[in-house]
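Please take a look at the sequence and the structure below. The paragraphs after them explain a few local features one at a time.

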Amino acid sequence: HHELTSLFECPVCFDYVLPPILQCQSGHLVCNQCRQKLSLCPTCRGSLTPSIRNLAMEKVASAVLFPCKYATTGCSLTLHHTEKPEHEDICEYRPYSCPCPGASCKWQGSLEAVMSHLMHAHKSITTLQGEDIVFLATDINLPGAVDWVMMQSCFGHHFMLVLEKQEKYEGYQQFFAIVLLIGTRKQAENFVYRLERNGNPPR
């Protein structure tokens, strides 16, 4: 099967060329993502316009199972090309981004490495043990948008709790609470979470 899938390799990014499959005047293929950035065929330097569909290769693509793009990090699934994008969006071998709110941390890594990243790079985050915890948000009246973050460890899993304050305009504050499981979507389906708010004064 590998010989067949290798025929679909894009010469630029080495990902697979999947339907709709377009070719240059001489019949060379390039994937749709790379094609948008190119004006000439990377193989023969011929023109990529007008677009020519390669229906025969599209038929072959529909009969072949392609490996997940995270095969190198451990995913062993092979999929029909129509199922590939959906699976890759949730594949547990995909690189995970740092779950901390805000865009300041650019870390990416495997799911197994997320917790050790948080412990080393975000030491200020407190971890509380047990299924019932109290999350104390201090300095709640600081102006502007503020985040409070903590970890909860229970049932053999780690959860990140984020309380976010947004100020649409001065004096009007909105609070959002987010709970993230450090794990896969499938694992997350096994949990429900209940939040209770106690304020002084309560509001």
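What follows treats one helix, then two cis peptide bonds, then two residues with positive phi.

The model is predicted. Begin with helix 3, which spans residues 55-63. Its buried residues are Met57, Glu58 and Ala61. These residues lie on the same side of helix 3, because the arc they cover around the axis is only 105°. The spacing has a general background: an α-helix has 3.6 residues a turn, so residues three or four places apart point the same way. The other side of helix 3 carries exposed residues, namely Leu55, Ala56, Lys59 and Ala63. Strand 2 (52-53) and strand 3 (66-67) are among the parts that cover the buried residues of helix 3. At the start of this helix, Asn54 places a side-chain oxygen within 3.4 Å of the backbone nitrogen of Ala56.

Two loops contain a proline that follows a cis peptide bond. The bond from Pro19 to Pro20 is cis, with omega near -5°, and Pro20 sits in the loop between helix 1 (2-6) and strand 1 (22-23). The bond from Thr49 to Pro50 is cis, with omega near -5°; Pro50 belongs to the loop between helix 2 (32-35) and strand 2.

The loop between helix 1 and strand 1 also holds Phe14. Phe14 is not a glycine, yet its phi is positive, near 65°. Is Phe14 buried or exposed? Its relative accessible area is 59%, so Phe14 is exposed. Phe155, also not a glycine, has a positive phi of about 55°. Phe155 lies in the loop between strand 8 (146-154) and strand 9 (157-169), and is exposed, with a relative accessible area of 54%.

Note on methods:
Residues numbered from 1 in each chain as written. Predicted model: local features only at pLDDT ≥ 70, side-chain atom pairs only at ≥ 80, totals over all residues. Heavy atoms only, no water. Buried < 20%, exposed > 50% of the residue type's maximum accessible area, 1.4 Å probe, protein only. Helix = DSSP H or I, 4+ residues; strand = E, 2+ residues; numbered from the N terminus. Arc of directions from axis to C-beta. Contact = heavy atoms within 4.5 Å. Polar contact = N/O pair within 3.5 Å; in protein donor to acceptor, adjacent residues only side chain to side chain.
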